[in-house]
Amino acid sequence: MKNKINAIILAAGMGNRLSHLTEDIPKGMVKLFEKSLLEMQIDIFKQYDINDITIVTGHLGEKITFPDINYIKNQNFSLTNINESLFCAKERFQDESIISYSDIIFEKKIIEQLVNFNGNIGIGVRLNFKSHYNGRILHPISEAENVVIENNKIIKIQKNISKCDNNQNIGEFLGLMKLSKNASNILVQKYSELENSHAGKFHDAPSLKQAYITDMLQEIIDSDYLVEPILIEGKWCEIDTEQDLEFARQNFKDFKYVNS
């Protein structure tokens, strides 16, 4: 019997760097080619029969009103970060779950690559990422969430990794990951333990509540669980600034064709 796959889109952030575009709407509702970033993702998931979709909302969450979608609000979105949003949705984890940041767009074949991953914890990574930062003055390469890959496993995940050993590769984490049910249970158990015992700084975050998903993944790696790269091929873009939005307009002109 085929495992059930669902999607969880994390959309609680405020999107301050998009200035006037997010004054009255959350970041995921910013439009590109007549559709919002969230709507584009929903369309692609449904093309792969992933119809069980949950959006974790926060800032101006009432403005996200797509039909036939599950909604969970991170009530503390203004005081927490994206890792907290992920665990707000822990009851929605299925046999297999695809997790996605709300401020990214991608070709549908990227989701196919995640669907076909059969491990426990897989994260979407591209190796040839440096050229994509050319000219992005408002979003420099130093802001990239990087991974170090050795023997087909992730051994480090952190912002702005620039050096590695000769037997290693550096890639960019794309804000997409796939979890098995077993992996989801491991993450929830680890987070519960940390909630009860951890105090102070958490990896690169000032606290557990303000952690990024990359901080939680590093914790999992340090606990000797296997985190594997899903080496992605295809167009992908993060929308963090107005310059990123213009970059996406130029590079996704054929979006309706590649995703139809």
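**Exercise 1. Identify the buried residues of helix 5 and describe its surroundings.**

*Solution.* The buried residues of helix 5 are Ile213, Thr214, Asp215, Met216, Leu217, Gln218, Glu219, Ile220 and Ile221. Here, buried means under 20% relative accessible area, exposed means over 50%, and partly exposed lies in between (1.4 Å probe, protein chains only). Helices (H or I, at least four residues) and strands (E, at least two) are DSSP runs, numbered from the N terminus. Helix 5 covers residues 213–222, and nine of its 10 residues are buried, so the helix is largely enclosed by the rest of the structure. Just after helix 5, Asp224 has a positive phi of about 70°.

The model is predicted: local features need pLDDT of at least 70, side-chain atom pairs count only at pLDDT 80 or more, and totals for chains, interfaces and linings use all residues. Residues are numbered from 1 along each chain as its sequence is written, and side-chain values use heavy atoms, with hydrogens and water left out.

**Exercise 2. Classify the aromatic pairs and locate their partners.**

*Solution.* The structure contains two aromatic pairs. Rings of Phe, Tyr and Trp (its six-membered ring) pair if their centres lie within 6.5 Å; planes under 30 degrees apart count as stacked, over 60 as edge-to-face and the rest as tilted.

1. For Phe87 and Tyr191, the ring centres are 4.2 Å apart and the planes stand at 0°, so the pair is stacked. Phe87 belongs to helix 2 (residues 82–88) and Tyr191 to helix 4 (residues 181–197), so the pair ties together parts that are 104 residues apart in sequence. Both Phe87 and Tyr191 are buried.
2. For Tyr101 and Phe173, the centres are 5.8 Å apart and the planes stand at 80°, so the pair is edge-to-face. This pair links distant parts of the chain, with Tyr101 in strand 6 (residues 96–101) and Phe173 in strand 11 (residues 169–180), 72 residues apart. Both Tyr101 and Phe173 are buried.

**Exercise 3. Describe the largest pocket by its volume and lining.**

*Solution.* On a 1 Å grid over the protein atoms alone, a pocket is an open set of points where a 1.4 Å probe fits, with protein on both sides within 12 Å along at least five of seven lines; lining residues have an atom within 4 Å of a point. Grid points are joined across faces, edges and corners, and a volume is the space filled by probe spheres set on the points.

1. The volume of the largest pocket is about 830 Å³.
2. Its lining holds 35 residues, of which Lys27, Asn81, Asp103, Tyr212 and Asp240 lie nearest the centre.
3. Strand 11 gives the most to this lining, with four residues.
4. By class, the lining has 14 nonpolar, 12 polar and nine charged residues. Ala, Val, Leu, Ile, Met, Phe, Trp, Tyr, Cys and Pro count as nonpolar, Asp, Glu, Lys and Arg as charged, and the others, Gly among them, as polar.

**Exercise 4. Describe the second largest pocket in the same manner.**

*Solution.* The second largest pocket holds about 250 Å³ of space. Of the 15 residues that line it, Arg126, Asn128, His132, Gly234 and Lys235 are the closest to its centre. Strand 8 (121–126) and helix 6 (242–251) are the elements that give two or more residues to this lining. The lining divides into eight nonpolar, four polar and three charged residues.
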